[in-house]
Amino acid sequence: MATLTCSFILFFYLFLIIIFMVRSDPEPLQDYCVAQTQPPQTFFLNGAPCINPADASPSHFTTTALSKAGDTAANPLGFNVTLTNIRNLPGVNTLGLTMARVDIAGNGLVPPHTHPRASEVTIVIKGSSLLAGFVDTSNRLFTQQLREGDAFVFPKGLIHFLYNLDSKAPALIISGLTSQNPGAQLASAATFTTKPSIPDDILKKAFQINGQDVSRIRRNLGG
Ligand SMILES: *[C@@H]1O[C@H](CO)[C@@H](O)[C@H](O)[C@H]1NC(C)=O
């Protein structure tokens, strides 16, 4: 009996630790905190301050930001991401959520990137064949071919990508992210097109390439 109680308590504490570890943004202490986004910003905090709750209205909790397709032609990789944020959806402040609309041209690629502050769940709204993938910290690759209606999850902080295998038809996916400010770091840009540049010697050694390779990759990426 004592061992049973003991293992129950242990299990309970493990459960608490797990709940604590997977928590996303800090829990709000009020029903909502409609973001005050008007400048000037006179003090800085983790997130945005709230407007007076008495001034909150339904329009603070709705957005048309995701209703229009992003232009994929302007991007050499053929993708365009539209995000909700506290400016187009002020009611999302402190709720730990972001939605993303990702338009992907035929054979378009959302290149390998991470969101340091969010896991992401994605659903294919339009598209016959999308390759979704992420890499875990042991460099194991997980990929799945997705059709319309299929969903996929990218664990927080891990490098992931989406590729439209269909060369003609554009694709549309919608994602939910577990932070109001997920952040995005493209593996290519975070190494080859930083401002200022990472010294060539470092990139040469890290990627086992020569100086010409470094210049060529920088140029190709518009850096
Ligand atoms: C994404 O699409 C919008 C709307 O068409 C456009 O204004 C923006 O420049 C595009 N972004 C990129 C990176 O191509």
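## Conventions and model

Two strands are taken to pair if DSSP finds at least two bridges between them. Helices (H or I, at least four residues) and strands (E, at least two) are DSSP runs, numbered from the N terminus. Under these terms, strand β4 (residues 120–126) and strand β9 (residues 171–177) pair in the antiparallel sense over 6 bridges.

The model is predicted: local features need pLDDT of at least 70, side-chain atom pairs count only at pLDDT 80 or more, and totals for chains, interfaces and linings use all residues. Residues are numbered from 1 along each chain as its sequence is written.

## Overall architecture

The protein chain contains 4 helices and 10 strands. Along the sequence these elements follow the pattern α-β-β-β-β-β-β-β-β-β-β-α-α-α.

Of the 223 residues of the protein chain, 22% are buried; a residue is buried if 20 or more other C-beta atoms lie within 10 Å of its own, exposed if 12 or fewer, and partly exposed in between, with C-beta atoms placed from the backbone. Contacts are assigned where the C-beta atoms of two residues, placed from the backbone, lie within 7 Å. Among contacts in the protein chain with a separation of 6 or more, 71% join residues 24 or more positions apart.

## The sheet containing β4 and β9

Strands of a sheet pair through backbone hydrogen bonds, either parallel or antiparallel. One open sheet comprises 5 strands in the order β1-β2-β9-β4-β7, with antiparallel pairing. Its edges are β1 (79–83) and β7 (151–154); each has a single partner strand, so one side of each is left without a neighbour in the sheet. From one strand to the next, the twist averages 25 degrees, where axes are lines fitted to C-alpha atoms, for helices over the stretch in contact, and angles run from 0 to 180 degrees between N-to-C directions.

Within this sheet, β1 and β2 are joined in the antiparallel sense by 5 bridges, and L83 has A100 in β2 as its bridge partner. Strand β2 (residues 98–104) is mostly covered, with 5 of its 7 residues buried. The antiparallel pairing of β2 with β9 extends over 7 bridges, and R101 stands opposite I174 in β9. On the β4 side, T122 has S175 in β9 as its bridge partner.

## The sheet containing β3 and β8

A further open sheet of 5 strands has the order β6-β5-β8-β3-β10, and its pairing is also antiparallel. Here β6 (141–146) and β10 (185–186) occupy the edges with a single partner strand each, so one side of each lacks a neighbour in the sheet. Strands β3 and β8 run antiparallel and are joined by 3 bridges. V110 stands opposite L162 in β8.

## Annotated binding site

The UniProt annotation "binding site", from an unreviewed entry, covers H113, H115, E120 and H160. These residues span 48 residues in sequence, yet no two of their C-alpha atoms are more than 12.0 Å apart, so they gather at one spot. UniProt positions are given in the numbering used here, feature names are shortened, and annotations may be inferred rather than shown by experiment.

H115 lies in the loop between β3 (109–114) and β4. It counts as buried because it has 24 C-beta neighbours inside 10 Å. Leaving aside residues up to four places away in sequence, H115 touches E120, K156, L177, P182, G183 and A184. E120 is located in strand β4 and is buried, with 22 other C-beta atoms within 10 Å. With the sequence exclusion of up to four places, E120 touches H115, V153, F154, S175 and L177.

H160 lies in strand β8 (residues 160–164). With 23 C-beta neighbours inside 10 Å, H160 is also buried. Its contacts, not counting residues up to four places away in sequence, are P112, H113, G133, F134 and F154.

## Ligand surroundings

Which residues surround the ligand? The shell consists of G70, D71, A74, N75 and N80, a residue being near a molecule if its C-beta atom, placed from the backbone, lies within 6 Å of it. By class, this shell has 1 nonpolar, 3 polar and 1 charged residues. Ala, Val, Leu, Ile, Met, Phe, Trp, Tyr, Cys and Pro count as nonpolar, Asp, Glu, Lys and Arg as charged, and the others, Gly among them, as polar.
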